[in-house]
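Let's take a walk through this model together, moving from one buried spot to the sites where the ligands sit. Keep the 3D view open as you read.

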Amino acid sequence: MKIERIELHQISQPLVHPFRTSFGLELDRPSILVAIFSEGLVGWGECTADNVPGYSYETNQTAWHILSDFLIPAVLGQDIVSPGQIPAYFRHVRGHPMAKTALENGLWDLLAKAQGIPLGQMLGGGQRDRVEVGVSIGIQPELDDLLRRVDSFVEKGYGRIKLKIEPGWELEPVSAVRHRHPDIRLMVDANSAFTLNDATLFKAMDDLKLLMIEQPLHHDDIADHAKLQAQIKTPICLDESLHTPNHVRWAIELHACRVVNMKVGRVGGFNNALAIHQMCLEADLPMWCGGMLETGIGRAANLQLSTLPNFRLPGDISATERYFAEDIAEPAFHLNTADSTITVPTGPGIGVTVMLDRIEKNRQRHQVFTA
Ligand code: OSB
Ligand code: MG
């Protein structure tokens with residue numbers, strides 16, 4: 001398919017509830033959306049960078065630069081017929097996985113639409129029609145706020161709760177939630193806020209029956225996580241540390257984690273995600289799909305990816321209403337309360353309809369690139 005035109009839209013949508021992590025507070029969610037035009041079809045991809053380099057060094061500003069000056073010129077006018085071709089066009093750009101993912105995933109959506117099949121099937125999954133999900137709860141001002149928030153999500157039917165932690169907001173709130181909900185599937189995410197000197201804290205968490213502890217240590221560390229994992233029983237899950245198939249191989253070889261969080265934006269697109277999926281399947285390392293407060297475009301893509309067999313734990317993919325009052329794609333995603341799942345869209349590609357009028361309403365920046 002000849003890539004005729006590409007459009008970049010930067011939007012910002014207010015979050016229904018502020019989201020605080022150990023690296024910052026988010027009140028609105030800025031997103032770059034990529035639309036790729038060919039043969040009367042449009043493929044959509046989402047960039048999960050933020051406006052600040054908190055979770056990752058990439059920002060929407062750097063992603064816009066990398067996309068418009070390097071990645072888009074490399075694919076405009078090219079004839080792309082198979083997703084396996086895509087990484088070769090990006091090889092001259094080092095790093096910047098979120099920028100690459102936005103374009104690569106939009107191309108996958110386009111190719112799946114051209115074949116008339118759901119993206120999940122194109123990725124080699126598609127065997128499940130629903131995906132088990134949980135909710136990620138930010139750091140709250142007070143313990144009471146946290147307990148009320150956990151209760152409300154449990155009542156809504158979420159079967160897995162993730163609590164964000166940071167120094168000073170760890171053992172006490174997590175123990176309180178565990179005490180109140182003795183049997184719920186509970187986990188924590190530190191977003192790199194601790195060091196090996198905090199090993200005693202994580203040893204104490206072994207008594208809390210946590211599913212896993214996500215990214216306790218430094219964002220680019222693998223070796224210290226291996227040392228921590230050797231000292232605790234609770235599985236460590238890596239998020240920020242894993243950007244390439246090599247990182248995952250090193251984590252496996254060093255026993256740095258027992259679970260892998262897959263965020264396609266963090267690993268540079270579906271081709272890398274599939275290589276990592278295969279590696280984890282062979283190493284019997286369970287995965288789950290992470291979330292980046294995506295719009296309906298990224299959320300649909302995450303659901304499609306989660307139909308692959310090694311996604312064996314609930315993903316951070318919550319119902320649309322938990323993020324936005326009105327999102328830019330239809331239909332909105334709802335939780336199936338009986339089994340804490342979200343149904344995977346069945347249409348071609350990502351399977352949702354993008355509402356251009358809503359993009360325009362929330363848009364801050366727009367550019368059109370033609371071959
Ligand atoms: O570490 O998993 C994370 C959101 C933004 C940046 C990093 C993370 C998160 C989440 C949100 O935990 C999960 C979601 O999208 O619901
Ligand atoms: Mg995380």
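A good place to begin is N302, which sits in helix α12 (residues 296-305). Bear in mind as you look around that this is a predicted model. Is N302 buried or exposed? Its relative accessibility is 4%, and because buried means under 20%, N302 counts as buried. If you set aside the neighbours within four places in sequence, the residues in contact with N302 are V264, C289, G290, E294 and I317.

Now turn to the metal. Which residues coordinate the magnesium ion (ligand 2)? They are D189 and D239, each through OD, and E214 through OE, at 2.1 to 2.3 Å. Read along the chain, the donors of this magnesium ion follow the spacing D-x24-E-x24-D. The pair D189 and E214 links distant parts of the chain: D189 belongs to strand β7 (residues 185-189), while E214 belongs to strand β8 (residues 213-214), 25 residues apart. D189 and E214 are both buried.

D189 also brings us to ligand 1. There are 16 residues around ligand 1, and those that come nearest are D189, N191, K263, L293 and Y323. Some polar pairs are worth picking out here. In the side chain of K162, an N or O atom is 3.1 Å from an oxygen atom of ligand 1. The backbone takes part as well: an N or O atom of the L293 backbone lies 2.9 Å from a ligand 1 oxygen, and for a backbone N or O atom of M292 the distance to an oxygen of ligand 1 is 3.3 Å. How much of ligand 1 does the protein bury? Taken alone, ligand 1 exposes 390 Å², and the protein buries 99% of that.

Finally, let's look at the nonpolar interior. The largest nonpolar core holds 114 residues, and the members that touch the most others are I6, L67, L103, I161, L163, F202 and M205. Which helix gives the most to this core? That is helix α3 (residues 97-115), with nine residues. I6 makes a handy anchor for your view: beyond its neighbours within four places in sequence, I6 is in contact with V34, A35, I36, I72, V75, L76 and L103, as well as with Q367, V368 and F369. There is also a second, separate core of six residues, and M187, M212, C237 and W288 are among them.

Technical notes. Residues are numbered from 1 along each chain as its sequence is written. Chains are lettered from A and ligands numbered from 1 in the order in which they are written. This is a predicted model: local features need pLDDT of at least 70, side-chain atom pairs count only at pLDDT 80 or more; totals for chains, interfaces and linings use all residues. Side-chain values use heavy atoms; hydrogens and water are left out. Donors are N, O and S atoms within 2.8 Å of the metal (3.2 Å for Na, K and Ca); water is not among the atoms, so sites may look incomplete. Helices (H or I, at least four residues) and strands (E, at least two) are DSSP runs, numbered from the N terminus. Buried means under 20% relative accessible area, exposed over 50%, partly exposed in between (1.4 Å probe, protein chains only). A nonpolar core is a set of buried Ala, Val, Leu, Ile, Met, Phe, Trp, Tyr and Cys residues joined through side-chain atoms within 4.5 Å. Contact means heavy atoms within 4.5 Å. A residue is near a molecule or strand if one of its heavy atoms lies within 4 Å of it. A polar contact is a pair of N or O atoms within 3.5 Å; within protein, one must be able to donate a hydrogen and the other to accept it, and residues adjacent in sequence count only if both atoms are side-chain atoms. Accessible areas come from the Shrake-Rupley method with a 1.4 Å probe; for residues, only the protein chains shown count as cover.
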